[in-house]
There are 2 protein chains.
Amino acid sequence: MVVPMNEILGKRAGRKRRRMQRVTMQSVAERAQVSPSTVSLFLRRPEAVTAATGRAINDAIEELGYVPNLVAGGLAAAASRAVSIIVPSVRNAFFAETVAAMQLELGKERLQVMLGHSEYSDREEENLVRTALSWAPSAIVLTGQSHSVGTRKILAGGSTPVVEIWELGGQSIDMTIGFSHEKVGRTAAEYLTGRGRRRLAFLGARMQEDRRANTRAEGFEQAAREAGAARVEIVGNPARAGVELGGVLLRQALDQFPDLDAIACSNDHIALGVLFECQRRGISVPTDIAVVGFGDLDFAASCIPTLTTIRPPGDLIGTEAARVIIKHVQGDRSDSHCVIDTGFRLIERQSA
Amino acid sequence: MVVPMNEILGKRAGRKRRRMQRVTMQSVAERAQVSPSTVSLFLRRPEAVTAATGRAINDAIEELGYVPNLVAGGLAAAASRAVSIIVPSVRNAFFAETVAAMQLELGKERLQVMLGHSEYSDREEENLVRTALSWAPSAIVLTGQSHSVGTRKILAGGSTPVVEIWELGGQSIDMTIGFSHEKVGRTAAEYLTGRGRRRLAFLGARMQEDRRANTRAEGFEQAAREAGAARVEIVGNPARAGVELGGVLLRQALDQFPDLDAIACSNDHIALGVLFECQRRGISVPTDIAVVGFGDLDFAASCIPTLTTIRPPGDLIGTEAARVIIKHVQGDRSDSHCVIDTGFRLIERQSA
DNA sequence: TTGAAAGCGCTAACAC
DNA sequence: GTGTTAGCGCTTTCAA
């Protein structure tokens, strides 16, 4: 019986593929004279293969210039080596630091960072989470603990590990790494009242969207009252946080409450703007008004006067998040539902 | 002849899968009483399906809570809806702005941003490119035009579109979007000499790694000489760019060349440090020394004196990059090997 | 306009 | 330690 050639070869030859991968695991296997599964095994656990086999495979990979297809791998393994990170914005130096630190650590384990920006919108965050899930990521990292109902539902139902970062004290979905923003506010207030200040204000930007800044403000107000401050005001502005806004906010504050002797800012950009505005108005810092920031950004140590501020450990949050994710990927589930308090540090400088 | 049931069902029932996707396209198809390929078609081109069919599919998706699996899609289509962006670091506000802008635009087309940090290392960049390719991305975005030989070889051979951003005038791999850093340097020098300054210095950080800062310095030096400056110095420091370094660099510069009357900085952080150091030393800006920055960062408009600086269009670079990538994904190859000069703008303020 | 069929390149259970 | 095998969930011809 004669079998037509094209039937032996299969129909494949007759089909055109759009872009065939030049070098597949199959071709590496052929060249190394082993089976594909051995190549796969070697790639994932080199020690599980004899030295000779390993060498042969390595040579084949080298000679062929093989690049593994992680998309195919992700499909077969039902979980891709991707980690989805969703932050309000990477333009914010805080989150940029965390994202950079995470990428560094995850990259060492060949985990790919996928980035999304919620722009402080819970609705947008939910969309991003939905899309993220489409990639079957090894983990999803969310900023903060306030999410839409939909987000919680989607994430609670699934089996994807979730890490919430930069906030503590709320309702956790799964793992949580951050610090208490309420305590940050309290710390600023206690520091200021402890140095004899009695008429305090907290200056913040877009506090409706930025729940964390809002929490800091609340902690600040409460602690200041407890310490017997004569005046505690919260001055907000819906504009985006920035140096310029610092000046605006100080003006706003002093127009209403000219007797203020201490200012806490929702971040260092605003504090710097306050410092500049004080300089323009001839207000002496810290003699007339003490200023405390949040962030310990680049300029805090060099501005005039140098800025007393609270430093959140953005990089530590990133490395810790990466650590628990890597453990999870490696099969160690012991960190499930962990809560890691990274703390923060008050950096005393000249401005307060 | 009796066929055993398990043979009819296939061995599948006997195998345990690790994590089965609850809702697949298959299940949507069954519910909507159509074939999977129709669902697929509808998802990608809704108009290619009758209104009734579309409605049925939509309902099924809704009822089942279907989330498409982009990993499977990427494998089948031989190109994933991922775009790999490799920047030196997202901690750098310039690149953060570009990445944020790109993510915003790409997200609208359901393209996922994958992020990598080269930390200004060509070797690391090459590793990241290799990994990126493993994901069969729709495009790869690289920062600058100086890459390792290996990077060029890998990318030139493949069919993945490449966009180089933030630099112009070098050897392009494929598409290029940015501006001339040499011109930036020239512009600063011409502005300064045009205002009568004769003894100029360029202050820069880690200029070995940061080729673009180096190019700005070269353009600056050349243009200053052409304009007949009495002195043109380039003062570098291997430390990371930062406000503190600005002060250090100014000290370095004035120790060697006390008669300087103009300073250009490789970025605004350094310029701000220079401003602070001048204030500390009682040097009047711009009377004694004129200062020009690069970046137009947040504080440039509010510091004292406000900072004359050159603003690179970080967001425009991002949106343009996204635009050409989206066009490419949609099959329009007309932008291949395009070179887009986004230009930059000198922002005149008080410091010069 | 819709459906059937054939993979995409890899992983992992299982057998040897 | 290595190979066999059966998919992972989707896209895309091609035919109807």
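Select B:Tyr66 and DNA strand D in this predicted model. A phosphate oxygen of DNA strand D is placed 2.4 Å from an N or O atom of the B:Tyr66 side chain.

Next, move to chain A and select A:Thr38, where an N or O atom of the side chain lies 2.6 Å from a phosphate oxygen of DNA strand D. Then add A:Thr50; for this residue, the distance from a side-chain N or O atom to a phosphate oxygen of DNA strand D is 2.8 Å.

With these positions displayed, select the elements that give two or more residues to the surface near DNA strand D: helix H3 (36-44) and helix H5 (70-77) of chain A, along with helix H3 (36-44) and helix H5 (70-77) of chain B. H5(B) makes the greatest contribution, with four residues.

Now display the whole surface around DNA strand D. There are 28 residues around the strand, and those that come nearest are A:Thr38, A:Thr53, B:Met25, B:Ser40 and B:Tyr66. Coloured by residue class, this surface shows twelve nonpolar, eleven polar and five charged residues. On the DNA side, sugar or phosphate accounts for 70% of the strand D atoms within 4 Å of the protein, and bases supply the rest.

Finally, leave the DNA and select B:Arg212, which is located in helix H10 (residues 211-226) of chain B. Is this residue buried or exposed? B:Arg212 is buried, because its relative accessible area is 9%, and buried means under 20%. To view its surroundings, select B:Pro88, B:Phe95, B:Tyr120, B:Thr143, B:Gly144, B:Trp166, B:Glu167 and B:His181, which are in contact with B:Arg212 when neighbours within four places in sequence are left aside.

How values were computed:
Residues are numbered from 1 along each chain as its sequence is written. Chains are lettered from A and ligands numbered from 1 in the order in which they are written. This is a predicted model: local features need pLDDT of at least 70, side-chain atom pairs count only at pLDDT 80 or more; totals for chains, interfaces and linings use all residues. Side-chain values use heavy atoms; hydrogens and water are left out. Buried means under 20% relative accessible area, exposed over 50%, partly exposed in between (1.4 Å probe, protein chains only). Contact means heavy atoms within 4.5 Å. A residue is near a molecule or strand if one of its heavy atoms lies within 4 Å of it. A polar contact is a pair of N or O atoms within 3.5 Å; within protein, one must be able to donate a hydrogen and the other to accept it, and residues adjacent in sequence count only if both atoms are side-chain atoms. Ala, Val, Leu, Ile, Met, Phe, Trp, Tyr, Cys and Pro count as nonpolar, Asp, Glu, Lys and Arg as charged, and the others, Gly among them, as polar.
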